[in-house]
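User: I would like to go through the terms used for this model, one by one, with the reason for each.

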Amino acid sequence: MQLTITHVVVISLTATFLLLAADKAGGLRKDQYVWTPPATQAPITAAADPDKGKPPPHNDKVEDLPDGKGRETTFYTCTACHGVALIKAQGLTRDLWDSTIDLMLEKHRMPPVKPDDRAEILDYLAEQFPPRRRGRGSDNPFLK
Amino acid sequence: MKSFGTWAASRRNLLQGASMATLGAIFPIESVLAQGTPAAAPKSPKLLEMDGKAKLSVLGDKPLVAETQAELLDDDVTPTDKLFVRNNGQVPDVTGDPKAWKFKIDGEVDKPIEISLGELMTKYPAVTLKLMLECGGNGRSFFTPEARGNQWTNGGAGCPEWTGVRLADVLKDAGVKPSATYTGHYGADPTLAGETDKPSISRGMKIAKALDPHTLIAFKLNGKDIPLIHGGPVRLIVPGWAGSLSTKWLKRIWIRDKEHDGPGMGGFSYRTPKKPIVPGSKGDDKDMAILESMPVRSIVTFPADGTRLAAGARKLELRGHAWAGDNDIKTVEISTDYGVTWKAADVKPPANKFAWQRFTASVDLPSAGYYEVWAKATDTKGVTQPFTAANWNPQGYGANPINRIRVLVEA
């Protein structure tokens with residue numbers, strides 16, 4: 001049998017369709033998300049799903065904070081409300097970390113904290129997250 | 001690292017038929033890292049992954065706080081997916097018919113009102129305006145040393161189109177008593193600890209601002225129902241003032257006969273020093289004044305910070321936005337030589353009062369090499385942007401230094 005251009009076209013197209021079908025079914029790329037038609041999914045209405053439109057839940061681990069004395073106390077006290085990213089993004093003087101704890105206690109519903117725990121948290125924050133930005137403000141001669 | 005925003009901006013430029021000079025000159029290939037970092041943002045910010053939102057820069061994930069990269073703020077009207085996200089508490093459950101959502105106005109009024117969103121929409125005329133929403137702490141990361149809180153660059157701002165009714169119209173029905181001087185706002189968001197009977201934040205404003213015809217009880221954002229993450233089904237929009245006044249998930253406006261005292265009022269919260277404070281010190285909260293109008297600010301939205309320009313590029317067509325709280329922008333000036341010389345940009349009038357203003361400029365780049373492009377806006381009161389963040393305060397409000405982006409003209 002002679003191979004004509006028609007044969008080539010038919011074979012190529014058939015191969016292409018087969019590959020596309022296998023790809024769509026997820027057979028070729030196992031790690032890829034395969035789209036499932038909505039009809040086969042459980043119907044979810046806005047009224048039934050209070051989490052619709054909310055940010056994904058976020059949970060940190062103790063290890064997300066740098067190692068140091070007071071890490072655990074700091075983690076469990078602060079992450080009741082805040083993600084560690086907020087802590088790590090800040091670099092504050094000891095005075096400011098101290099007044100941050102006051103602010104949380106006085107204005108933002110933080111439960112009372114034992115004096116020993118407070119001292120441990122303050123030591124940890126002041127040591128691990130001191131001011132990092134350099135410039136005229138960082139070595140102010142009037143800053144005790 | 002390829003910047004999505006740079007590509008998007010570049011593509012838009014193409015679609016709008018920008019000048020060939022710009023097209024030839026700008027080849028955003030990768031971000032230029034380090035080199036005297038004018039912006040204080042981390043070098044590789046975590047990007048937001050959330051349905052309906054662009055890949056904003058995440059400042060905090062609990063509560064979710066995310067700012068918009070300057071190059072993503074290039075649109076004249078900020079699309080919903082590119083609007084920054086700021087939460088002070090948890091996002092509340094909002095289920096059932098949004099039109100049944102109720103809030104009340106009480107306190108120093110003749111007739112307290114409790115009204116559903118559905119009734120509000122039928123009873124009062126709707127207005128649609130492009131209004132600035134800006135976090136009170138926008139620019140905080142420019143302070144040295146660091147101030148407390150989320151480390152915003154300039155991305156805690158946007159100017160989308162809001163539809164709602166005028167708070168003034170509703171207050172007129174309630175009958176504001178002569179004793180009324182202030183408001184206090186409450187939303188449905190639980191505190192970060194999960195309490196639903198305590199406000200996560202509750203701020204207020206002078207009654208005159210509440211009566212401003214641009215202060216809205218809003219229910220649509222860019223023509224669609226306000227998404228939950230942006231405070232839907234109903235929120236306040238208090239343009240030009242700290243975003244924390246624009247209460248999301250609105251439940252109550254308490255009309256008061258004195259300055260409001262909820263969480264977020266007093267102390268160093270949303271207040272700036274009347275007497276300058278030693279940067280990094282505790283300061284004295286008796287010498288503080290409430291931050292009302294946001295300060296004058298400009299951002300270059302095209303090109304992106306860190307853009308590489310093709311060898312031979314000698315002109316840069318740039319653009320951005322400027323705004324100034326209660327005031328309009330009078331001028332925007334551009335410098336490519338660290339402020340030695342300045343050139344006036346073209347500044348368009350705002351779409352309406354409290355909308356940001358577009359500026360464009362064409363600047364010369366005399367040779368290959370590294371340039372910083374600085375933008376400095378001046379408002380209609382003659383107030384301009386400082387060279388560095390000024391009037392340091394512990395919680396970091398009012399930082400509005402001149403905007404700086406870096407470009408490299410390839411040799």
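Analyst: Two strands count as paired if DSSP finds at least two bridges between them. Helices (H or I, at least four residues) and strands (E, at least two) are DSSP runs, numbered from the N terminus. The model is predicted, so local features need pLDDT of at least 70 and side-chain atom pairs pLDDT 80 or more, while totals for chains, interfaces and linings use all residues. Residues are numbered from 1 along each chain as its sequence is written, and chains are lettered from A and ligands numbered from 1 in the order in which they are written.

User: What makes strand 9 and strand 11 of chain B a pair?

Analyst: Five bridges join strand 9 (residues 161–166) to strand 11 of chain B, in the antiparallel sense, and the cut-off is at least two. In one of these bridges Trp162(B) has Leu221(B) as its partner in strand 11.

User: Which bridge counts make strand 13 and strand 12 of chain B partners of strand 11 of chain B?

Analyst: Strand 13 (residues 235–237) of chain B is joined to strand 11 by three bridges, antiparallel, with Ala218(B) opposite Arg235(B). Strand 12 (residues 224–225) of chain B is joined to strand 11 by two bridges, also antiparallel. One of them links Lys220(B) to Asp225(B) in strand 12. Strands 11 and 12 of chain B form a hairpin with two residues between them, where Asn222(B) has a positive phi near 50 degrees.

User: Why is strand 11 of chain B called largely enclosed?

Analyst: A residue is buried if 20 or more other C-beta atoms lie within 10 Å of its own, exposed if 12 or fewer, and partly exposed in between, with C-beta atoms placed from the backbone. Five of the six residues of strand 11 (residues 216–221) of chain B are buried, so the rest of the structure largely encloses this strand. For chain B as a whole, 53% of its 411 residues count as buried. The chain holds five helices and 25 strands.

User: What makes strands 17 and 22 of chain B edge strands?

Analyst: Four strands of chain B form an open antiparallel sheet in the order 17-19-23-22. Strand 17 (297–302) and strand 22 (346–347) of chain B each have a single partner strand, so one side of each lacks a neighbour in the sheet. Strand 22 pairs with strand 23 (residues 357–364) of chain B over two bridges, and Asp346(B) is bridged to Thr360(B). Strand 19 (residues 315–323) of chain B pairs with strand 23 over eight bridges. There, Thr360(B) is the bridge partner of Arg319(B).

User: Which strands stand at the edges of the sheet 1-2-3 of chain B, and how do you know?

Analyst: This open sheet is antiparallel, and strand 1 (57–61) and strand 3 (85–86) of chain B pair on one side only. Strand 1 is joined to strand 2 (residues 64–67) of chain B by four bridges, with Val58(B) set against Ala66(B).

User: What angle do helix 2 and helix 5 of chain A make, and what is that angle called?

Analyst: Axes are lines fitted to C-alpha atoms, for helices over the stretch in contact, and angles run from 0 to 180 degrees between N-to-C directions. Helix 2 (residues 71–78) and helix 5 (residues 115–128) of chain A pack at about 100 degrees, with axes 8 Å apart. Angles under 35 degrees count as roughly parallel, over 145 as roughly antiparallel, 65 to 115 as roughly perpendicular and the rest as oblique. Helix 2 of chain A is therefore roughly perpendicular to helix 5 of chain A.

User: Which residues of helix 2 of chain A meet helix 5 of chain A?

Analyst: Contact requires C-beta atoms, placed from the backbone, to lie within 7 Å. Arg71(A), Thr73(A), Thr74(A) and Thr77(A) of helix 2 meet Asp117(A), Glu120(A), Ile121(A), Tyr124(A) and Leu125(A) of helix 5. By class, the contact has three nonpolar, three polar and three charged residues. Here Ala, Val, Leu, Ile, Met, Phe, Trp, Tyr, Cys and Pro count as nonpolar, Asp, Glu, Lys and Arg as charged, and the others, Gly among them, as polar.

User: How many residues of each chain are in the contact between chain A and chain B?

Analyst: Chain A gives 35 residues and chain B gives 34. On the chain A side, helix 3 (84–89) and helix 4 (94–107) each supply at least two residues. Helix 4 of chain A has the largest share, six residues. That side of chain A has 15 nonpolar, 14 polar and six charged residues.

User: Where do the domains of chain B lie?

Analyst: An automatic or database domain assignment sets the bounds: domain 1 is 4–39 + 294–409 and domain 2 is 85–290 of chain B. Their contact takes 26 residues from domain 1 and 32 residues from domain 2.

Notes. Two residues are in contact if their C-beta atoms, placed from the backbone, lie within 7 Å.
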